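The following exercises are to be worked with the sequence and the coordinates at hand. Each task is followed by a solution in steps.

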Amino acid sequence: MTRNSVRDVEPVAEKVGVVGDSRHGARRSPRARRLLRWSATTLAVLILGSATAGYLYYRHLNGNIKKDELNLGDNKVAEPTPNAAGQTPLNLLLIGSDARDTEENQQLGGARETFGSTPLADVQMLVHLSADRSNMSVVSMPRDTLVKIPKCTDPDDDKEYPASEGRVMTNRSLGHGGPGCTVATWQELTGIHIDHFVMVDFAGVVSMADAVGGVPVCVDANILSRDSQGHGSGLKLEKGTTPVKGEQALQWLRTRYGFEDGSDLARAKAQHMYMNSMVRTLRENATLSSPNKLRKLAEEATEALTVDPGLDTVKKLYDLSNELRKVKPERITMTTMPNRYVGARVEPTEDAEQLFRLVREDIALDGKDAGKASPAPSATASGDQAADDDEIGVLVQNGTRTDTLRAASGRASTVAGLLVEKGFTKADADTTSALSEDRTVVRYPSAELQGDAERVATSLGIPAGSVERSTDVSGVTLVVGADWRDGTTYKAPEKDDRTPESAQALNGADEDACMHVNPGFTWS
């Protein structure tokens, strides 16, 4: 810049009121100070206005979210023990309600005679996010699974729902005070601590599916889910892969008539395929970066959900979604609780307990856990506090009978005596029953006795996987199995951490999954 150029700039500077040497701090004229104050005030108003609008919208979204208590049962399950790195797994229960409490839900759900009736938890999925956030496991429970629903108290009116007499369908748990009773039922059955729940109804599924956009699903033949009596979801698709959204997505998720054997098990498989496909779609679909689409998704999602207090703000839900997004589709495993038919209903099998144990112990269902950090050592596997040894009551039973061998004589008395020698002075032998158990197990009836049961198992070298919760016992009960027919030293069988085949595992990256259509529900 030339000397003349400098001279030319100086008058301009004086006009806006800035004079003097900028190296030593410019002096501003009164007019300039007034101009800058006005500019700063205007800018502050604009910033404050934007922040206020954003804050009000944030409050609006938070106000959309419905809340309910996490656990309405009396019994609690100990939180999982952190791994060696101090990380803790996260368990989330997804609940799909069949509530027909609004005109929209009624229209989508059909069954006019059920309008306003007690809602049922027709979809129940436990989502387990591993402690190191490397993998995710999902376990579906069929809605007609026979379980014992615990006593639950409705937080709104303090109405007490007594524990079910005998076993009833698990979907009835929602009507015992709300989703917190469904959580309590899961914890009673599985021994898995549940951190959060998310519940959505018919209308919510449709609105969120619309906001996300089409999710590709596949059928191996043309399908129309409708029988001669009018039963079915009404889903109509051509053979192959079709993107579904809105009401059609809801039809897919509700379809039984037309998929495989027409059971809840087939419906669960279809739901797994949809969820896997939706995860892949959300990860790949760049159009969701559009502010309008994100805003619509935020509106629809917050209006559709009922959550526990731990997820009752947009920020908490956003933080949860970030945790879930850490898992790649190839490390997501969808399963259905192994079961067998009891008449028209189903009940959990021994394989179900194996599946629950893998989740409790944070073992990946895809079998890729080699080299994973093991849990930090603790007094009991669950970290639950045990009573002193001489205060723990233990009933010992002889379960050594097999299909080919009679019960080994005196096993209950021998093992009870061994426990007494170890300091469990309240151990007693049940000499009146001869049971059949393939492996030695320690059972306990409720959460407060879990630590005691684990302490008994530890003293005898019985693995944590052989400690299980059961409502068939009234106290800590040790059943000496066919794997311990003699001697006073228990030799634990080799640990099997494989996911049972009966869980029908489906990998989240499987893009070839396709639902089989029952020939009676096809069209041309």
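**Exercise 1. Establish which residue stands opposite valine 442, and describe the surroundings of strand E24 in this predicted model.**

Step 1. Valine 442 stands opposite leucine 478, a residue of E24. The strand that contributes valine 442 is E22 (residues 441-444), and its pairing with E24 is antiparallel, over three bridges.

Step 2. E24 also pairs with E20, in this case in the parallel sense and through four bridges. Here leucine 395 is opposite threonine 477 of E24.

Step 3. In a regular strand, side chains alternate between the two faces of the sheet. E24 (residues 477-480) shows two directions: Thr477 and Val479 point one way, whereas Leu478 and Val480 point the other way. All four are buried.

**Exercise 2. Determine the strand order of the eight-stranded open sheet and identify its edge strands.**

Step 1. The order is E3-E16-E11-E4-E5-E6-E17-E25, with mixed pairing. The edges are strand E3 (66-67) and strand E25 (506-507), each of which pairs on one side only.

Step 2. Strands of a sheet pair through backbone hydrogen bonds, either parallel or antiparallel. E3 runs parallel to strand E16 (residues 305-307), and two bridges join them. Lysine 66 is found opposite threonine 306 of E16.

Step 3. Next, consider the loop between E24 and E25, where glutamine 504 is placed. The phi angle of glutamine 504 is positive, near 50°, in a residue other than glycine. Its relative accessible area is 39%, so glutamine 504 is classed as partly exposed.

**Exercise 3. Trace the salt bridges of glutamate 260, arginine 256 and arginine 331.**

Step 1. Side chains of opposite charge can pair when their charged atoms come close. With a cut-off of 4 Å between nitrogen and carboxyl oxygen, the count is 24 salt bridges.

Step 2. Glutamate 260 lies in the loop between helix H6 (246-254) and helix H7 (264-284). Its phi is near 50°, a positive value in a residue other than glycine. The side chain of glutamate 260 meets that of lysine 269 in a salt bridge of 2.9 Å, N to O. Because their relative accessibilities are 25% for glutamate 260 and 24% for lysine 269, both partners count as partly exposed.

Step 3. Aspartate 366 and arginine 331 form a salt bridge with an N to O distance of 2.5 Å. This pair links distant parts of the chain, 35 residues apart: aspartate 366 is in the loop between H10 and E20, and arginine 331 is in the loop between helix H9 (314-325) and strand E17 (332-336). Arginine 331 has a relative accessible area of 16% and is therefore buried.

Step 4. Salt bridges with shared partners unite Asp122, Arg143, Arg256, Asp264 and Arg267 in one network. Within this network, arginine 256 and aspartate 264 meet at 3.8 Å, N to O. Aspartate 264 counts as buried because its relative accessibility is 10%.

**Exercise 4. Decide whether helix H10 is largely enclosed or open, and examine what follows H10 in the chain.**

Step 1. Of the 11 residues of H10, eight are buried, so the helix is largely enclosed by the rest of the structure. The buried residues are Ala352, Glu353, Gln354, Leu355, Phe356, Arg357, Leu358 and Val359.

Step 2. Aspartate 362, which follows H10, has a positive phi near 60°.

Step 3. The loop between helix H10 (350-360) and strand E20 (394-398) contains glutamine 385. With 65% relative accessibility, glutamine 385 counts as exposed. The C-alpha atoms of glutamine 385 and arginine 455 are 9.1 Å apart, although the two residues are 70 residues apart in sequence.

**Exercise 5. Which residues form a negative surface patch, and where is aspartate 157 found?**

Step 1. The patch is formed by Glu69, Asp156, Asp157 and Asp158.

Step 2. Aspartate 157 belongs to the loop between strand E8 (152-153) and strand E9 (160-161).

Step 3. The relative accessibility of aspartate 157 is 49%, which means that this residue counts as partly exposed.

Definitions and conventions: Residues numbered from 1 in each chain as written. Predicted model: local features only at pLDDT ≥ 70, side-chain atom pairs only at ≥ 80, totals over all residues. Heavy atoms only, no water. Patch = residues over 30% accessible without salt bridge, like charges linked within 9 Å, V, L, I, M, F, W, Y side chains within 5 Å. Areas by Shrake-Rupley, 256 points an atom, 1.4 Å probe, with all protein chains shown as cover. Lys, Arg positive; Asp, Glu negative; His and termini not counted. Charge placed at Lys NZ, Arg CZ, Asp CG, Glu CD. Buried < 20%, exposed > 50% of the residue type's maximum accessible area, 1.4 Å probe, protein only. Pairing = 2+ DSSP bridges.
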